There are 2 protein chains.
Amino acid sequence: MNQVLDRGIAAPLYKEVKRLLTHSLAQGEWGAGEALPSETQLAKRFGVSIGTLRKAIDELVAEGAVVRRQGRGTFIASHGATRLMFHFFHIVPHDGEKQYPRTATLAFRRGRAAAMEAAKLGIAAGDAVLRIRNLLSLGSKPVILDELVLPQRLFPDLSEKILTARDNTIYHLYQTRYGINVLRTSERLRATVADVEAAQLLGVRKGAPLLEINRVAYTYHDAPVELRRSLVDTTEHEYFSDIGK
Amino acid sequence: MNQVLDRGIAAPLYKEVKRLLTHSLAQGEWGAGEALPSETQLAKRFGVSIGTLRKAIDELVAEGAVVRRQGRGTFIASHGATRLMFHFFHIVPHDGEKQYPRTATLAFRRGRAAAMEAAKLGIAAGDAVLRIRNLLSLGSKPVILDELVLPQRLFPDLSEKILTARDNTIYHLYQTRYGINVLRTSERLRATVADVEAAQLLGVRKGAPLLEINRVAYTYHDAPVELRRSLVDTTEHEYFSDIGK
DNA sequence: AAGTGGTCTAGACCACCAT
DNA sequence: TGGTGGTCTAGACCACTTA
């Protein structure tokens, strides 16, 4: 039952505990939304004091991997609408309330990874990928055009039917059906102009300025799981970034 | 010497300690780059255990207000080039190394706050403000056009001479000369097009797409201290945002 | 060698939640 | 009522820095 902690010379004990916990999380030892064993039990299992165990979990909480709920337990962070809006969706109206987007899937194709895509996804050029195109609307107006690239290997049976049948966020689908928990994203933004196709879909004129966002989504161990290019019509919306909070 | 801790019913002790520490920081009890008293001393002063004191400081570290250096002490976070690049400067080359910007001040004027500016700065409409225009270059090419709005009250003797004579970042100037430590910024981005003036200064054609960044900078207690509008030529550079790391 | 922050422990008690 | 996470303590020892 007890896991032996091979105390190397360098790493602090709580980092070792965190590493083992992260490993268990990545292996799916506990399912989406499920509770971990109590802190007392985990401390026993790793043979450390409760303070050390808590320090390990503190970091997992800070990284968004797990969530503590006093009196109830510690749970795998689950991808609901709240988490999406709070952590991963950064487009807000210029004035007015933050809105939940409505998604329409325009295309679902299978293809091969280009060299640059492969590098970002940590796979080999030419590996099988899924390409998805979504149009997101905010308050009945199309605002965001998304192009997703997913490694086929991570999403073995994903089909257009499964994708469009979901009744929750796409990251919730990744998590519940494929055991992939998106923890962190890295985004690069630039200004560009609408080509004919984007202009038509977003309802702007060709050549209109658009915000381009290139996102990489990561799971445990900083493993990349999704590439996403978004084109955003920022006439009535903005990208919101709160740094250091 | 000892500060009495009025333990209200609700707030945890370490939050109280943090509040008192933040207050001391905001009052400038310790100067820029200076060391705080040791943890042992602070624990005595507040009449709490070292664990509780450390938990308070943990949060200040997480917020970027102070920095711990093992064997040396805990210091007020100071605004050097490193911190600027790491926390507050988000423009990176599309490919290649991150570069340190060169700043040229184009204009320095005194004026009155417009209603919207006043609201964002937490001052009254019509209050005195300073307006500064900077052109930032990366690798000999102008890339960013900044327009800053500062409440005159916070920067009483700031002049063009003082501004341009500095040999460090502008946030370093805020900190050392005016005791204002910028801890956090909030940014809103959109795509726009270059007007005649911006086009000329940035060396792009009129109507070229530009990235517009509207920043509010905050110090202790989330008090706003600076408004900044940036226009960025993103043909060779991008805005980088790492979320949840 | 002395002083600083960093780790780890063992235990008490509190606040919250389900039953 | 029993179990969970949250707070707080007191002390030992380690790692690092400076003198």
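Buried area here is the accessible area, taken with a 1.4 Å probe, that two parts lose on being put together, summed over both. I start with that because the size of an interface is often given this way. A reminder to myself: this is a predicted model.

**Entry 1: the A/B interface**

I looked up the area buried between chain B and chain A, and it comes to about 2,600 Å². Carbon and sulfur atoms give 48% of that area. For the residues in contact, I noted 29 from chain B and 28 from chain A.

Next I asked how many salt bridges the rule finds across the interface of chain B and chain A. The answer is four. One that I wrote down joins the side chains of Arg184(B) and Asp242(A), with 2.9 Å from N to O. I also noted 14 residue pairs in polar contact between the two chains, both residues being at pLDDT 80 or more.

Then I turned to the side of chain B that touches chain A. Strands β3 (91–93), β7 (184–193), β8 (209–218) and β10 (237–243) of chain B each supply at least two residues to that side. β7(B) gives the most, with 10 residues. By class, I have 11 nonpolar, 10 polar and eight charged residues there.

**Entry 2: a look at Ser241(A)**

I picked one residue to follow. Ser241(A) sits in strand β10 (residues 237–243) of chain A. Is it buried or exposed? Ser241(A) counts as buried, because its relative accessibility is 7% and the cut-off for buried is under 20%.

Its neighbours across the interface interested me too. Ser241(A) touches Thr185(B), Ser186(B), Glu187(B), Tyr239(B) and Ser241(B), leaving aside residues up to four places away in sequence. With Tyr239(B) there is also a polar contact between the two side chains, at 3.4 Å.

**Entry 3: DNA strand D**

I counted what lies around DNA strand D: 21 residues surround it, and the closest are Glu39(A), Arg68(A), Leu13(B), Thr52(B) and Lys55(B). Both chains contribute elements to this surface: β1 (66–69) and β2 (73–76) of chain A, and α1 (13–26) and α3 (50–62) of chain B, each supply at least two residues. I sorted the residues into four nonpolar, nine polar and eight charged.

Which part of the strand does the protein meet? Of the strand D atoms within 4 Å of the protein, 82% belong to sugar or phosphate, and the rest to bases. Two phosphate cases went into my notes. A polar backbone atom of Glu39(A) is 2.8 Å from a phosphate oxygen, and a polar side-chain atom of Lys55(B) lies 2.8 Å from a phosphate oxygen. For the bases, I noted a polar side-chain atom of Gln70(B) at 3.3 Å from a base nitrogen of strand D.

Key: Residues numbered from 1 in each chain as written. Chains lettered and ligands numbered in written order. Predicted model: local features only at pLDDT ≥ 70, side-chain atom pairs only at ≥ 80, totals over all residues. Heavy atoms only, no water. Contact = heavy atoms within 4.5 Å. Polar contact = N/O pair within 3.5 Å; in protein donor to acceptor, adjacent residues only side chain to side chain. Helix = DSSP H or I, 4+ residues; strand = E, 2+ residues; numbered from the N terminus. Nonpolar A, V, L, I, M, F, W, Y, C, P; charged D, E, K, R; others polar. Buried < 20%, exposed > 50% of the residue type's maximum accessible area, 1.4 Å probe, protein only. Near = heavy atom within 4 Å.
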